[in-house]
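Subject: Structure for your files

Hello,

Here is the structure I said I would pass on. My notes on it follow below.

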Amino acid sequence: MPQIKCNDLSLGYGSREILSGLSFEVGAGDYLCIVGENGSGKTTLMKTLLGLQKPLSGTIEFSDGVTAKEIGYLPQQTDVQRDFPASVREIVLSGCLGRMGMRPFYNSDDKALAEKNMERMNITKLQKRCYRELSGGQQQRVLLARALCATRKILLLDEPVAGLDPKVTAEMYELIAGLNREDGVTVIMISHDIDKALRYASHILHIGGECFFGTRDEYRRVRKEKEAENDG
(Lines give C-alpha, C1' and ligand atoms only; values in the text may rest on other atoms or scores of the structure.)
Protein backbone atom coordinates (compact mmCIF):
# COMPACT_ATOMS: atom_id res chain seq x y z
CA MET A 1 0.00 0.00 0.00
CA PRO A 2 1.41 3.45 -0.91
CA GLN A 3 2.46 5.90 1.79
CA ILE A 4 0.61 8.71 0.01
CA LYS A 5 -2.22 8.35 -2.50
CA CYS A 6 -3.79 11.37 -4.19
CA ASN A 7 -7.09 10.91 -5.98
CA ASP A 8 -8.48 13.42 -8.51
CA LEU A 9 -7.07 16.46 -6.70
CA SER A 10 -8.04 20.00 -7.63
CA LEU A 11 -5.81 22.67 -6.12
CA GLY A 12 -6.01 26.43 -5.87
CA TYR A 13 -6.80 29.40 -3.68
CA GLY A 14 -10.37 30.40 -2.83
CA SER A 15 -12.36 29.80 -6.01
CA ARG A 16 -9.29 30.06 -8.27
CA GLU A 17 -8.33 26.63 -9.55
CA ILE A 18 -4.77 26.20 -10.78
CA LEU A 19 -4.60 22.42 -11.11
CA SER A 20 -7.26 19.73 -11.51
CA GLY A 21 -7.70 16.00 -12.01
CA LEU A 22 -4.37 15.11 -10.42
CA SER A 23 -3.91 11.50 -9.29
CA PHE A 24 -0.66 9.83 -8.23
CA GLU A 25 0.81 7.72 -5.43
CA VAL A 26 4.11 7.52 -3.57
CA GLY A 27 5.42 4.23 -2.21
CA ALA A 28 7.86 3.67 0.63
CA GLY A 29 11.40 4.33 -0.61
CA ASP A 30 10.32 6.14 -3.77
CA TYR A 31 12.13 9.25 -5.00
CA LEU A 32 9.54 11.43 -6.72
CA CYS A 33 10.52 14.61 -8.55
CA ILE A 34 7.77 17.15 -9.23
CA VAL A 35 8.56 19.22 -12.31
CA GLY A 36 6.70 21.81 -14.36
CA GLU A 37 6.66 25.46 -15.36
CA ASN A 38 6.64 28.28 -12.82
CA GLY A 39 3.09 28.86 -11.60
CA SER A 40 1.93 25.37 -12.48
CA GLY A 41 1.09 24.53 -8.85
CA LYS A 42 4.15 22.63 -7.60
CA THR A 43 4.52 24.49 -4.30
CA THR A 44 0.73 24.56 -3.85
CA LEU A 45 0.71 20.76 -4.18
CA MET A 46 3.47 20.43 -1.59
CA LYS A 47 1.61 22.69 0.86
CA THR A 48 -1.50 20.58 0.34
CA LEU A 49 0.41 17.37 1.08
CA LEU A 50 1.63 18.99 4.29
CA GLY A 51 -1.90 19.92 5.34
CA LEU A 52 -1.10 23.64 5.19
CA GLN A 53 -4.02 24.14 2.82
CA LYS A 54 -6.95 22.03 1.72
CA PRO A 55 -7.55 20.75 -1.81
CA LEU A 56 -10.52 22.28 -3.62
CA SER A 57 -11.67 18.71 -4.26
CA GLY A 58 -10.32 15.17 -4.28
CA THR A 59 -8.63 13.22 -1.51
CA ILE A 60 -5.19 12.54 -0.03
CA GLU A 61 -4.75 9.24 1.81
CA PHE A 62 -1.81 8.43 4.08
CA SER A 63 -0.78 4.94 5.17
CA ASP A 64 2.17 3.24 6.88
CA GLY A 65 1.48 5.27 10.02
CA VAL A 66 2.24 8.52 8.18
CA THR A 67 0.46 11.79 8.94
CA ALA A 68 1.10 15.25 7.50
CA LYS A 69 2.69 16.29 10.82
CA GLU A 70 5.28 13.50 10.53
CA ILE A 71 6.63 14.63 7.17
CA GLY A 72 9.99 16.40 7.13
CA TYR A 73 9.83 19.61 5.11
CA LEU A 74 12.56 21.74 3.60
CA PRO A 75 10.91 24.84 2.07
CA GLN A 76 12.37 27.44 -0.21
CA GLN A 77 14.20 29.99 1.92
CA THR A 78 13.36 33.67 2.09
CA ASP A 79 15.91 36.38 2.84
CA VAL A 80 14.43 36.76 6.33
CA GLN A 81 14.87 33.03 7.05
CA ARG A 82 18.48 33.10 5.84
CA ASP A 83 19.16 35.81 8.43
CA PHE A 84 17.67 33.85 11.34
CA PRO A 85 19.68 34.56 14.56
CA ALA A 86 19.84 31.09 16.13
CA SER A 87 22.56 28.49 16.49
CA VAL A 88 22.81 25.50 14.18
CA ARG A 89 22.06 23.14 17.08
CA GLU A 90 18.94 25.09 18.06
CA ILE A 91 17.58 24.97 14.53
CA VAL A 92 18.26 21.25 14.08
CA LEU A 93 16.68 20.46 17.47
CA SER A 94 13.56 22.40 16.51
CA GLY A 95 12.78 19.63 14.06
CA CYS A 96 11.79 17.54 17.09
CA LEU A 97 9.01 19.92 18.15
CA GLY A 98 6.30 17.94 16.36
CA ARG A 99 7.04 14.81 18.40
CA MET A 100 7.10 16.55 21.79
CA GLY A 101 3.35 16.93 22.31
CA MET A 102 2.76 18.81 25.58
CA ARG A 103 6.32 18.18 26.80
CA PRO A 104 7.94 21.61 27.33
CA PHE A 105 11.57 20.59 26.85
CA TYR A 106 13.83 18.44 24.68
CA ASN A 107 14.67 15.07 26.20
CA SER A 108 17.79 12.95 25.74
CA ASP A 109 16.30 11.12 22.73
CA ASP A 110 15.62 14.43 20.95
CA LYS A 111 19.16 15.61 21.60
CA ALA A 112 20.65 12.30 20.45
CA LEU A 113 18.59 12.46 17.25
CA ALA A 114 19.79 16.00 16.56
CA GLU A 115 23.41 14.92 17.10
CA LYS A 116 22.94 11.96 14.78
CA ASN A 117 21.46 14.08 11.99
CA MET A 118 24.13 16.76 12.31
CA GLU A 119 26.70 13.99 11.88
CA ARG A 120 24.86 12.67 8.82
CA MET A 121 24.93 16.13 7.26
CA ASN A 122 28.56 16.70 8.30
CA ILE A 123 27.73 19.87 10.25
CA THR A 124 28.59 18.77 13.81
CA LYS A 125 31.53 21.18 13.92
CA LEU A 126 29.14 24.03 13.04
CA GLN A 127 26.61 23.36 15.80
CA LYS A 128 27.54 26.40 17.92
CA ARG A 129 27.75 28.73 14.92
CA CYS A 130 25.01 31.25 14.20
CA TYR A 131 22.88 30.11 11.27
CA ARG A 132 22.95 33.54 9.61
CA GLU A 133 26.77 33.35 9.32
CA LEU A 134 26.77 30.15 7.24
CA SER A 135 27.08 29.74 3.49
CA GLY A 136 24.03 28.80 1.45
CA GLY A 137 25.13 25.19 1.17
CA GLN A 138 25.79 24.92 4.90
CA GLN A 139 22.37 26.41 5.65
CA GLN A 140 20.68 23.81 3.44
CA ARG A 141 22.50 21.02 5.28
CA VAL A 142 21.24 22.47 8.57
CA LEU A 143 17.65 22.57 7.29
CA LEU A 144 17.95 19.04 5.95
CA ALA A 145 19.17 17.83 9.36
CA ARG A 146 16.21 19.64 10.93
CA ALA A 147 13.79 17.95 8.52
CA LEU A 148 15.29 14.56 9.36
CA CYS A 149 14.56 15.20 13.04
CA ALA A 150 10.90 15.54 12.12
CA THR A 151 10.63 12.26 10.23
CA ARG A 152 12.11 8.85 9.65
CA LYS A 153 9.92 8.20 6.63
CA ILE A 154 9.21 11.06 4.18
CA LEU A 155 11.05 14.24 3.17
CA LEU A 156 9.40 17.00 1.13
CA LEU A 157 11.96 19.31 -0.47
CA ASP A 158 11.02 22.49 -2.34
CA GLU A 159 13.88 23.28 -4.76
CA PRO A 160 16.58 22.51 -2.16
CA VAL A 161 19.45 23.55 -4.46
CA ALA A 162 18.05 26.92 -5.57
CA GLY A 163 20.78 29.58 -5.51
CA LEU A 164 23.63 27.16 -4.77
CA ASP A 165 26.78 26.97 -6.88
CA PRO A 166 27.31 23.89 -9.10
CA LYS A 167 29.71 22.11 -6.70
CA VAL A 168 27.42 22.53 -3.69
CA THR A 169 24.40 21.62 -5.83
CA ALA A 170 26.03 18.32 -6.80
CA GLU A 171 26.89 17.60 -3.16
CA MET A 172 23.32 18.30 -2.06
CA TYR A 173 21.86 16.00 -4.72
CA GLU A 174 24.22 13.22 -3.60
CA LEU A 175 23.28 13.74 0.07
CA ILE A 176 19.59 13.45 -0.72
CA ALA A 177 20.14 10.42 -2.94
CA GLY A 178 22.07 8.75 -0.13
CA LEU A 179 19.23 9.32 2.35
CA ASN A 180 16.87 7.70 -0.13
CA ARG A 181 19.12 4.85 -1.21
CA GLU A 182 20.87 3.95 2.05
CA ASP A 183 18.36 5.02 4.71
CA GLY A 184 15.19 4.20 2.79
CA VAL A 185 13.74 7.70 3.27
CA THR A 186 10.99 8.50 0.78
CA VAL A 187 11.83 11.73 -1.07
CA ILE A 188 9.39 14.09 -2.78
CA MET A 189 11.26 16.97 -4.39
CA ILE A 190 10.27 19.96 -6.47
CA SER A 191 12.96 20.56 -9.07
CA HIS A 192 13.42 22.78 -12.11
CA ASP A 193 16.31 20.61 -13.34
CA ILE A 194 14.87 17.90 -15.57
CA ASP A 195 18.29 16.32 -16.19
CA LYS A 196 18.96 15.89 -12.46
CA ALA A 197 15.42 14.60 -11.94
CA LEU A 198 15.98 11.94 -14.57
CA ARG A 199 19.31 11.01 -13.00
CA TYR A 200 18.17 10.63 -9.39
CA ALA A 201 14.40 10.13 -9.23
CA SER A 202 12.57 6.83 -9.46
CA HIS A 203 9.33 8.57 -10.49
CA ILE A 204 8.39 11.85 -12.17
CA LEU A 205 5.26 13.96 -11.70
CA HIS A 206 4.98 16.65 -14.38
CA ILE A 207 2.22 19.17 -13.73
CA GLY A 208 0.91 22.10 -15.72
CA GLY A 209 -0.67 21.69 -19.14
CA GLU A 210 -0.71 17.97 -19.82
CA CYS A 211 0.10 16.16 -16.56
CA PHE A 212 2.22 13.02 -16.38
CA PHE A 213 2.97 10.57 -13.59
CA GLY A 214 5.12 7.47 -13.96
CA THR A 215 8.64 6.08 -13.70
CA ARG A 216 11.59 8.05 -14.99
CA ASP A 217 12.00 5.57 -17.88
CA GLU A 218 8.37 6.11 -18.88
CA TYR A 219 8.90 9.86 -18.69
CA ARG A 220 11.98 9.61 -20.90
CA ARG A 221 9.99 7.66 -23.48
CA VAL A 222 7.12 10.17 -23.47
CA ARG A 223 9.57 13.07 -23.88
CA LYS A 224 11.28 11.37 -26.83
CA GLU A 225 7.92 10.69 -28.46
CA LYS A 226 6.90 14.34 -28.10
CA GLU A 227 10.26 15.56 -29.40
CA ALA A 228 9.86 13.26 -32.43
CA GLU A 229 6.36 14.65 -33.04
CA ASN A 230 7.63 18.22 -32.86
CA ASP A 231 10.52 17.47 -35.20
CA GLY A 232 8.05 15.90 -37.64
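Asn122 sits in the loop between helix H4 (108-120) and H5. Please keep in mind throughout that this is a predicted model. Asn122 has a positive phi of about 60° although it is not a glycine. With a relative accessible area of 55%, Asn122 is exposed, because the cut-off for that class is over 50%.

A second non-glycine residue with positive phi is Asp8, where the angle is near 50°. Asp8 belongs to strand S1 (residues 4-13). Its relative accessibility is 48%, so Asp8 counts as partly exposed.

Next, the helices on either side of that loop. Two packed helices are described by the angle between their axes and the distance between the axes. For H4 and H5, the axes cross at roughly 140° and come within 9 Å. The two helices are therefore oblique to each other, since only angles over 145 degrees would count as roughly antiparallel. The crossing of H4 and H5 is right-handed. On the H4 side the contact involves Leu113, Ala114, Asn117, Met118 and Arg120, and these meet Ala145, Leu148 and Cys149 in H5. Sorted by class, the residues of this contact are 6 nonpolar, 1 polar and 1 charged.

H5 (residues 136-150) also packs with helix H6 (residues 166-183), at an angle of about 15° and with the axes 10 Å apart. That angle makes H5 roughly parallel to H6. The crossing of H5 and H6 is right-handed. From H5, the contact takes in Gly137, Gln140, Arg141, Leu144 and Leu148. From H6, it takes in Val168, Glu171, Met172, Leu175, Ile176 and Leu179. By class, the contact of H5 with H6 has 7 nonpolar, 2 polar and 2 charged residues. Leu148 is listed in the contact of H5 with H4 and in the contact of H5 with H6.

You may want to know about the cysteines. How many disulfides does a search of the whole structure find? The search returns 0 disulfides. A disulfide is a covalent bond between the sulfur atoms of two cysteines. Cys6 is in no disulfide, and the nearest cysteine sulfur, that of Cys211, is 12 Å away. Is Cys6 buried or exposed? Cys6 has 2% relative accessibility and so counts as buried. Cys33 is likewise in no disulfide. For Cys33 the nearest cysteine sulfur is again that of Cys211, at 16 Å. Cys33 also counts as buried, at 2% relative accessibility.

Cys33 turns up once more in the surroundings of Ala197, a residue of helix H7 (residues 194-200). Leaving aside residues up to four places away in sequence, Ala197 touches Cys33, Val35 and Ile204. At 2% relative accessibility, Ala197 counts as buried. The C-alpha atoms of Ala197 and Arg216 are 8.2 Å apart, with the two positions 19 residues apart along the chain.

To go through this on screen, you could start with H5, which packs with H6 and meets H4. After that, look at Cys6 and Cys33, neither of which is in a disulfide. Asp8 and Asn122 can be checked last for their positive phi values.

Regards

Terms used. Residues are numbered from 1 along each chain as its sequence is written. This is a predicted model: local features need pLDDT of at least 70, side-chain atom pairs count only at pLDDT 80 or more; totals for chains, interfaces and linings use all residues. Side-chain values use heavy atoms; hydrogens and water are left out. Axes are lines fitted to C-alpha atoms, for helices over the stretch in contact, and angles run from 0 to 180 degrees between N-to-C directions. Helices (H or I, at least four residues) and strands (E, at least two) are DSSP runs, numbered from the N terminus. Angles under 35 degrees count as roughly parallel, over 145 as roughly antiparallel, 65 to 115 as roughly perpendicular and the rest as oblique. A crossing is left-handed if the near helix is turned anticlockwise from the far one by less than a right angle, and right-handed if clockwise. Contact means heavy atoms within 4.5 Å. Ala, Val, Leu, Ile, Met, Phe, Trp, Tyr, Cys and Pro count as nonpolar, Asp, Glu, Lys and Arg as charged, and the others, Gly among them, as polar. A disulfide is a pair of cysteine sulfur atoms within 2.5 Å. Buried means under 20% relative accessible area, exposed over 50%, partly exposed in between (1.4 Å probe, protein chains only).
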